[in-house]
Amino acid sequence: MHDTVYFEIHGRPAVSIASSEFVDAAETQAKALGMTDARRVFVAHPIQDATDDEMRAKAEAVVDQVVAALTSR
Amino acid sequence: MTTTILDPTDERVPVTRSITPRPQRLGGVVALLDISKPRGNVLLDRLAELLAERAPEVTIKRYAKPTFTKPAPDDLRRRIVEEADFVVEALAD
Amino acid sequence: MPDAAPAFTLRDGHGEEHTFTGREPTVVCFVKKDCPTCETVLPLLGSWQRAFGAALPFLVVGQSGADNALLEQKMGGGAVLDDADLTVSFRWDVEIVPTLVVTDAQGARRRTLVGFVREEWQAFAADLASELQVPEPECHWAALPAWQPGCGSASADPLVAERLRAAAANSPLRARRIEIGAQDDEHEFLFDQGLTDGLPVVPPTPERVLRMLSGTDRDPQEVIAVVPPNMAEVTVEKVAINAVMAGCRPEYLPVVLAALEAVCTDTFNAHGVMATTMGASPVLVVNGPIRHRIGMNMKLGALGQGNRANATIGRALRLVLRNVGGARPGGTERSTLGNPMKFTMCFAEWEERSPWTPLHVERGFAPDDSVVTAFAMTSGPVQLVDQQSRSAAQLAGTFGLCLESAFAPKLHYTTDALLVVCPEHVDTLHRDGWGKAELRARIQQVTRRPLRELVQDETSGSGVPKEAAERMTAEQLGRELPKFRREEDIHIVVAGAEAGKFSGAFHGWATGEIGSQPVSVKIREAR
C-alpha cells in the first residue's frame with residue numbers, strides 16, 4: 001500500500017492485489033497512510049500452496065476488478 | 001500516533017489524500033510490479049496475458065522489488081512513475 | 001467549581017472498572033507519582049480504602065499511567081484508577097495533588113482536602129468512621145508532618161491542559177479536524193495538499209491554535225472579513241490556524257487580523273491585486289507602540305529576513321489569502337513572474353528616528369494608536385543608491401529619477417510608490433529643513449516632462465501611442481506631466497540601519513477606481 005499511495009500522489013492510478021487474508025491490514029494501512037480510498041483487489045487465500053493453474057484462475061477472477069480500479073468506467 | 005490539525009481552508013473541499021483521477025480507459029504503459037513474494041509471478045504472468053487481450057494497444061512492463069519486506073526503493077519508484085501510466089502491484093500474502 | 005462533580009468510569013491496575021455515579025456518597029482522591037505529599041497520604045488512603053471501601057466507594061485516581069502500580073504499592077495494595085488521558089482530573093478542576101473530595105448522595109462536593117494538613121485529614125478520617133459506623137483504622141499521626149504542600153496536578157501541566165481544553169466539549173475551536181495518517185509525514189501532507197507557500201509550515205494542531213487565540217480577546221468565531229476570490233468568510237479562528245502555520249507568536253495575531261481587514265476592503269481590492277498578471281502583493285507597514293511590544297524590526301535589514309514578527313505576520317496574511325481566499329498561483333493568481341514579496345513583506349516604521357509625521361498620523365490616526373497599513377505593490381524593494389548628494393534638493397532629485405522608472409520611465413500617472421527613506425538620507429533632507437511635503441514636490445518637479453517626451457519612439461515602444469500623439473495639438477503635447485498623478489501617490493516612511501546611504505522604494509500597482517488604494521486599520525490588542 002505504501003507503494004501504491006506513492007504512485008497515486010505522483011499521478012499514476014494504482015491498485016494492489018493481495019490475498020483475502022489482507023483485507024483488514026490493507027484498510028488499516030491505507031488509513032495510516034492517509035489515503036483511505038487507495039484501491040485494492042483481493043484474491044482467494046491460500047497462495048503459497050496453490051498450483052500454477054489455481055494461480056492463473058485467480059488472475060482471471062480479478063482482471064476485471066483490476067481494470068475497474070484503474071479507470072473511471 | 002496520528003496528528004490532528006485544524007483545517008486552514010474555507011472547508012469547501014475536504015483536505016484529505018485522495019487517489020488520482022482516473023481516465024476512462026487503460027492506455028500507454030501498464031506497470032506490473034512484483035513485490036517478490038513466491039508465486040506472485042505466476043499471477044502476474046497470467047494478468048499480463050489477460051490485459052494484453054483486453055487492451056491490445058497497451059504496453060505491459062514488468063518490474064520487481066528487491067524484497068517484499070520493505071516499500072519499493074526510491075529509484076525503482078521514480079523509474080516506474082517516469083515509464084508507466086498505470087501500476088498494478090501484486091501479490092501480498 | 002460546578003456543583004455536581006462529573007460522573008466517570010475508570011479502570012484500575014487489574015483491569016476492573018470503577019464508576020463514580022454522583023448518586024451516592026463517595027470519596028475520591030487524586031494522586032500522582034513523584035509527589036512527596038502523595039507519598040505521605042498513600043498509606044492512609046490504602047488503609048482507608050480497606051476500612052471504608054465496603055461501606056462507600058473509596059476511589060483513588062492515579063495520574064501516572066503505568067506507574068500507578070507504584071502508587072498501589074505505597075498504598076499497601078488496593079485499587080488505583082487510571083486517569084490515562086487526564087480528562088477526569090481536568091473535568092474535576094484538580095490543580096493540586098493530592099486532592100481528596102467527599103461527595104454526597106447528589107454528587108455535590110461536601111468536603112475537599114487539598115495538599116496535606118494533618119488536622120484536616122485526621123478530622124476527615126474520624127468523621128467518616130463515625131458516619132459509617134466503622135472503626136477508624138489505626139494511624140500513627142504524630143509521625144506525619146503537620147503540614148505538607150501538594151504538587152501541581154498532571155492535568156494542570158501547561159501543555160497537557162491545552163490539549164484537554166482543545167478536546168473538551170465546549171472548546172472554542174470549530175474548524176474541521178484533519179487526521180494525518182500515522183505513517184504519513186505531517187509536513188509532506190501539508191505540502192501535498194497545497195496548503196503551503198512552497199516553504200514548510202508549522203502544523204496547526206488544536207493546542208497550537210488555542211495558544212494562538214490567546215493573543216486576541218476577540219471571539220474565535222467572529223467573522224472578520226470576506227476573502228476574495230472565494231468570497232469566503234474568515235473567522236478569527238481560521239486566521240489563527242494560518243498564523244500558526246506561518247510561525248507567528250500569539251501576540252502577533254492582532255496585527256494579522258487588522259492586516260486582513262485592511263486587505264479585504266473594496267478600496268484595497270484584494271481580488272484585483274491577487275489576480276493581476278503584474279504580480280502585485282500587499283506590503284504591510286506597522287506603526288505605533290505595538291512595534292516595540294512584539295519586537296518588530298524597523299532598523300538594520302528591516303525589509304529583509306531574520307525578524308520573526310516581520311517575517312511571519314506578512315506570511316500569515318498571505319497564507320490566509322491562499323488557503324481561505326483561494327488565491328493560488330495558476331488558479332486565480334496569475335502573475336507572470338511573481339516576486340519574493342509574495343512570501344512575506346511586512347516591516348515597521350522607525351518613527352523615533354524620523355523628524356517627520358509618521359505614516360499613521362499622516363493617515364489620520366493618533367500617534368499612540370497601533371496601526372497597520374496595506375499597500376498593493378508590484379515590485380520592490382529597489383535600492384535607491386545615492387552616496388554623493390549633499391543637498392536635500394539633489395538627494396530628492398535622485399529619488400525622483402529612480403522613481404520615474406516605476407513600471408517604465410515613460411509611463412506617467414499610472415501608479416504609486418512607497419518610499420522607504422533610510423536614516424542617513426533622512427538626515428541629509430532634514431539638514432536643509434526638508435520634510436515630506438518638500439520631498440514629494442521635488443520628486444514631481446524632477447520627473448515633469450512634456451507629453452511629447454512620453455510618446456513611443458524607436459528606442460522604446462512604451463509610452464503614449466504614436467497614433468494618439470499624432471492627433472494632439474502642439475499645446476497638448478507641451479503639457480507637462482510629473483510621474484505621479486498626485487503627490488499623495490508618493491507614500492513615505494522611514495526605516496533602515498543608521499549606516500548606509502541606501503533608501504528603498506516599492507513600485508505600486510494601478511491606482512484609482514479600478515486599482516488599489518492603501519488602507520489603514522487600527523490594531524486591537526488583547527487586554
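Which strands of chain C does helix H1 (residues 36-52) lie across? Keep this in mind; the tour comes to it at the fourth stop. The model on screen is a predicted one.

**Stop 1: chain A alone**

Select chain A and hide the rest. Its secondary structure consists of three helices and two strands. Going from the N terminus, they follow the pattern α-β-α-β-α. Along the principal axes, the C-alpha atoms of chain A fill a box of roughly 35 × 25 × 15 Å.

**Stop 2: a sheet built from chains A and B**

Now show chain B as well and colour the strands. Five strands form an open sheet, and following it across gives the order S2(A)-S1(A)-S4(B)-S2(B)-S3(B). The pairing is parallel. In general, the strands of a sheet pair through backbone hydrogen bonds. At the edges are S2 of chain A and strand S3 (59-64) of chain B, each of which pairs on one side only. On average, neighbouring strands here are turned by 20° against each other, direction ignored.

Zoom in on the place where the chains meet within the sheet. S1(A) and S4(B) run parallel and are joined by four bridges. Select A:Val15 to see one position along S1(A): its bridge partner in S4(B) is B:Val88.

Next, add the helices that touch this sheet. Select residues 52-70 of chain A, which form helix H3. Helix H3 packs on the sheet and touches S1 and S2 of chain A as well as S4 of chain B. The direction of this helix makes about 165° with that of S2(A). Then select residues 40-54 of chain B, which form helix H1 of that chain. This helix lies across S1 and S2 of chain A together with strand S2 (29-34), S3 and S4 of chain B. Helix H1 of chain B runs at about 165° to S2(B).

**Stop 3: the largest pocket**

Keep chains A and B on screen and select A:Met1, A:Phe22, A:Gln29, B:Ile35 and B:Ala92. Of the 22 residues that line the largest pocket, these lie nearest its centre. Elements that give two or more residues to the lining are helix H1 (2-9), strand S1 (14-19), helix H2 (23-32) and strand S2 (40-43) of chain A, and strand S4 (86-92) of chain B. The pocket has a volume of about 400 Å³. Sorted by class, its lining has eleven nonpolar, four polar and seven charged residues.

**Stop 4: a sheet in chain C**

Move to chain C. Here five strands form an open sheet in the order S5-S4-S3-S7-S8, with mixed pairing. Strand S5 (80-82) and strand S8 (109-114) each have a single partner strand, so one side of each is left without a neighbour in the sheet. The average turn between neighbouring strands is 25°, direction ignored.

Select residues 26-31 and 58-62 of chain C, which are strands S3 and S4. They pair in the parallel sense over five bridges. Within this pair, C:Val28 stands opposite C:Leu59.

Now for the opening question. Helix H1 of chain C lies across S3, S4 and strand S7 (99-103), and runs at about 145° to S4(C). Select residues 68-75 for helix H2 of chain C, which lies across S3, S4 and S5. Helix H2 runs at about 170° to S5(C).

**Stop 5: where chain C meets chain B**

Show chains B and C together. Their contact takes 31 residues from chain C and 17 residues from chain B. The area buried between them is about 2200 Å², with 53% of it given by carbon and sulfur atoms. Finish by selecting C:Arg176, C:Ile178 and C:Lys238. In chain C, these residues lose the most area to chain B, together 30% of what that side buries.

How values were computed: Residues are numbered from 1 along each chain as its sequence is written. Chains are lettered from A and ligands numbered from 1 in the order in which they are written. This is a predicted model: local features need pLDDT of at least 70, side-chain atom pairs count only at pLDDT 80 or more; totals for chains, interfaces and linings use all residues. Side-chain values use heavy atoms; hydrogens and water are left out. On a 1 Å grid over the protein atoms alone, a cavity is a set of points where a 1.4 Å probe fits but cannot get out, and a pocket is an open set with protein on both sides within 12 Å along at least five of seven lines; lining residues have an atom within 4 Å of a point. Grid points are joined across faces, edges and corners, and a volume is the space filled by probe spheres set on the points. Ala, Val, Leu, Ile, Met, Phe, Trp, Tyr, Cys and Pro count as nonpolar, Asp, Glu, Lys and Arg as charged, and the others, Gly among them, as polar. Two strands pair if DSSP finds at least two bridges between them. Axes are lines fitted to C-alpha atoms, for helices over the stretch in contact, and angles run from 0 to 180 degrees between N-to-C directions. Contact means heavy atoms within 4.5 Å. Buried area is the accessible area (1.4 Å probe) that two parts lose on being put together, summed over both.
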